[in-house]
Amino acid sequence: MPSEIETVVELCRQRQSHGPLDIAARRVTFDNRVELGTVPGDVNTEPLNADGVAAEIITAPGANAGHMMLYLHGGGYCWGSLDSHRPLVAALSRAAAMPVLSIDYRRAPEHPYPAALDDAMTAYRWLRGTYAPAKRVAIAGDSAGGGLTLATLMALRDAGDALPHAALAISPWTNLTCTGDSYSLRADVDPICSHDMLDQLSRLYRGDAD
């Protein structure tokens, strides 16, 4: 009988994309990934508007309301949403013992760069002004959201904003040129990403940008 991780890996392999991406279909599939589990019944979810950015605050029991985490979901900048990442965000709220502000930043190709970055900065500034000072704020994200976490930190630094106390980049996508030997050397063991898929996503997100 396969282990839990082997079952998850096989599910991911079955959903690998080959050829041109169907963004609409991928969004539906991504939001209904059974391997991510469900949100426990004792976790509170509060939808809100973070200065024009759709968002929600997820709070697990025992969370310290004096702190806050900003979460930026993954999905290649083209899919992923509040729905797809709610179970993960709930787990992070419990593990970090703080509420988490998860945002529904604008996605490519309808909204290429810098729309996602602008939304992340807007949400961070709103969070600081509404809930907690920078020294009590963390920012985190996975995959494209991990790359967006790092991009947000650099943009905030360059703009002179106070930076968060901590940051967490979970398997971040940081190189949108899609170069590196690992694309071929590790292709057989990566159940999610392929060079072709990431190259398409990169072009959709970059738009006319370098």
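In what order do the six strands of the open sheet stand? They run S1-S2-S4-S3-S5-S6, and the pairing is mixed. Bear in mind that this is a predicted model. Below is a quick tour of the sheet, the helices that sit against it, the two largest pockets, and a few residues that deserve a look.

**The sheet**

- Strand S1 (44-50) and strand S6 (166-170) take the edge positions, and each has a single partner strand, so one side of each is left without a neighbour in the sheet.
- If you ignore direction, neighbouring strands here are turned by 20 degrees against each other on average.
- Further in, strand S2 (residues 53-59) pairs with strand S4 (residues 100-103) in the antiparallel sense, over four bridges.
- To find your way around that pairing, look for isoleucine 57, which stands opposite leucine 101 in S4.

**Helices on the sheet**

- Helix H4 (residues 115-130) packs on the sheet and touches S1, S2, strand S3 (68-72), S4 and strand S5 (137-142).
- The direction of H4 makes about 170 degrees with that of S3.
- Helix H5 (144-159) lies across S3, S5 and S6, and runs at about 140 degrees to S5.

**The largest pocket**

- This one has a volume of about 1,100 Å³.
- Its lining takes in 40 residues, and those nearest the centre are Ser143, Ser171, Asp190, Ile192 and Cys193.
- Several helices chip in: helix H1 (4-14), helix H2 (23-30), H3, helix H6 (182-185) and helix H7 (195-206) each supply at least two residues of the lining.
- By type, the lining of the largest pocket splits into 19 nonpolar, 14 polar and seven charged residues.

**The second largest pocket**

- Here the volume is about 410 Å³.
- There are 16 lining residues, with Tyr113, Ala151, Thr174, Leu176 and Tyr205 closest to the centre of the second largest pocket.
- Which helix gives the largest share of this lining? That would be H5, with five residues.
- H5 and H7 each supply at least two residues of the lining of the second largest pocket; H7 does so for the largest pocket as well.
- The lining of the second largest pocket divides into eleven nonpolar, three polar and two charged residues.

**Arginine 86**

- You'll find arginine 86 in helix H3 (residues 82-96).
- Its side chain makes a polar contact with the side chain of aspartate 83, at 2.9 Å.
- Setting aside neighbours within four places in sequence, arginine 86 is in contact with Val39, Thr45, Glu56 and Ile58.

**Backbone oddities**

- Where are the cis peptide bonds to look at? One goes from alanine 108 to proline 109, with omega near 5 degrees, and another joins tyrosine 113 and proline 114, with omega about 10 degrees.
- Proline 109 is in the loop between S4 and H4, and proline 114 is found in the loop between S4 and H4 too.
- Tyrosine 113 turns up twice in this briefing: it precedes the cis bond to proline 114, and Tyr113 is also one of the residues closest to the centre of the second largest pocket.
- Tyrosine 77 has a phi near 70 degrees, a positive value in a residue other than glycine.
- That tyrosine 77 lies in the loop between S3 and H3.

Key
Residues are numbered from 1 along each chain as its sequence is written. This is a predicted model: local features need pLDDT of at least 70, side-chain atom pairs count only at pLDDT 80 or more; totals for chains, interfaces and linings use all residues. Side-chain values use heavy atoms; hydrogens and water are left out. A polar contact is a pair of N or O atoms within 3.5 Å; within protein, one must be able to donate a hydrogen and the other to accept it, and residues adjacent in sequence count only if both atoms are side-chain atoms. Contact means heavy atoms within 4.5 Å. On a 1 Å grid over the protein atoms alone, a cavity is a set of points where a 1.4 Å probe fits but cannot get out, and a pocket is an open set with protein on both sides within 12 Å along at least five of seven lines; lining residues have an atom within 4 Å of a point. Grid points are joined across faces, edges and corners, and a volume is the space filled by probe spheres set on the points. Ala, Val, Leu, Ile, Met, Phe, Trp, Tyr, Cys and Pro count as nonpolar, Asp, Glu, Lys and Arg as charged, and the others, Gly among them, as polar. Two strands pair if DSSP finds at least two bridges between them. Axes are lines fitted to C-alpha atoms, for helices over the stretch in contact, and angles run from 0 to 180 degrees between N-to-C directions.
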